Amino acid sequence: MSQLLPHGARCVFDAETVDVAVDRVAVEMALNLWDARPVVICLMNGGLPFTADLLRRFHFDLELDYLHLSRYRHTTGGEIRFVRRLERPLKGRTVLLVDDVLDEGETLAAAQREVRAAQPDDLLSAVLVRKDTQAAAEADYVALEGPDEFLVGRGMDCDGAFRQLSGIYALPAGWPGTAP
């Protein structure tokens, strides 16, 4: 386990397990998107590692863009605000939204509304981890099914920390910023 993690953090998915899951879901997506020339939209900042993982596995023509929206002030949910909106026309295109985690789904739902307003022909979404919770949005592609715990690593963070970890870890309850 990384020396960066606090005492009591638990490995939920090691790096190899995450890589195998990304391989699997990337193949599934490639079979559906091969001839579509999709616009892949990374949801920043959390979706960046998963988007990069996917791009290295996609061997077909695509375009890349990003949306930056935030729901969190430190680690608690809040009002969704757009830091950067899309500038690329999406009308008639196939769009793939990519994010790190589907928890409550508010951020993904807001991103889906934003993209739908641009009138794409097809809108798909992918998440690295879907937590075992009720969500306001659904993802078309899910690499891993995770527990309803505070997860960090592979893009997921706690107040900006731990995004760079190759594996995915659950922080102990009561760790600063996590729910007790």
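F60 is buried in this predicted model, with a relative accessible area of 9%. Its aromatic neighbour W34 is partly exposed, at 46%. A search of the whole structure finds two aromatic pairs. In one of them, the rings of W34 and F60 have their centres 5.7 Å apart and their planes at 55 degrees, so this pair is classed as tilted. W34 lies in the loop between helix 1 and strand 2, while F60 lies in the loop between helix 2 and strand 3; the pair therefore ties together parts that are 26 residues apart in sequence. F58 and F60 also form a tilted aromatic pair, with 4.8 Å from centre to centre and 35 degrees between the planes. F58 is buried, as is F60. Together, W34, F58 and F60 make up one aromatic cluster. A pair of aromatic rings is described by the distance of the centres and the angle of the planes.

Aromatic rings also meet charged side chains. The charged end of R84 sits over the ring of Y66, at 4.1 Å from the ring centre. The charged end of R85 is placed over the ring of F82, at 4.0 Å from the centre of that ring.

R84 appears again among the salt bridges. R37, D61, E63, D65, R84, R88 and R93 are joined into one network by salt bridges that share partners. Side chains of opposite charge can pair when their charged atoms come close. Within this group, E63 forms a salt bridge with R88, and the closest N and O atoms are 2.3 Å apart. E63 belongs to strand 3 (residues 63-73), whereas R88 is in the loop between strand 4 (76-84) and strand 5, so this contact ties together parts that are 25 residues apart in sequence. The two partners fall into separate accessibility classes: E63 counts as buried because its relative accessibility is 16%, under the 20% limit, and R88 is partly exposed at 29%.

The whole structure has 17 salt bridges by the same kind of search. Two further examples lie within helices. In helix 2 (residues 48-57), R56 and D53 are three residues apart, which means that about one helical turn separates them. Their salt bridge has its closest N and O atoms 2.5 Å apart. R56 counts as exposed, at 56% relative accessibility, but D53 counts as buried, at 7%. In helix 1 (residues 15-33), E28 and R24 are four residues apart, again a separation of about one helical turn. The side chains of E28 and R24 meet in a salt bridge with an N to O distance of 3.9 Å. Here both partners are partly exposed: E28 has a relative accessibility of 35%, and R24 has 42%.

The strands come next, beginning with strand 5. How many of the nine residues of strand 5 are buried? Eight are, so strand 5 (residues 94-102) is largely enclosed by the rest of the structure. Strand 5 has parallel pairings with two strands discussed here, strand 2 and strand 6. Strand 2 (residues 39-44) is joined to strand 5 by four bridges, and within this pairing V40 stands opposite L96 of strand 5. Strand 6 (residues 122-131) pairs with strand 5 over eight bridges. The bridge partner of L96 in strand 6 is L124. Between these two strands the chain passes through helix 3 (residues 106-116), and the resulting β-α-β crossover from strand 5 to strand 6 is right-handed.

Another sheet is open and antiparallel, with three strands in the order 1-9-8. Strand 1 (10-13) and strand 8 (151-152) are its edge strands, because each pairs on one side only. Strand 9 (residues 168-170) pairs with strand 1 in the antiparallel sense over three bridges. Across that pairing, F13 stands opposite I168 of strand 9.

How values were computed
Residues numbered from 1 in each chain as written. Predicted model: local features only at pLDDT ≥ 70, side-chain atom pairs only at ≥ 80, totals over all residues. Heavy atoms only, no water. Buried < 20%, exposed > 50% of the residue type's maximum accessible area, 1.4 Å probe, protein only. Right-handed = clockwise from strand over helix to strand, strands pointing away. Salt bridge = Lys/Arg side-chain N within 4 Å of Asp/Glu carboxyl O. Phe/Tyr/Trp six-rings, centres within 6.5 Å; stacked < 30°, edge-to-face > 60°. Lys NZ or Arg CZ within 6 Å of the ring centre and 35° of its normal.
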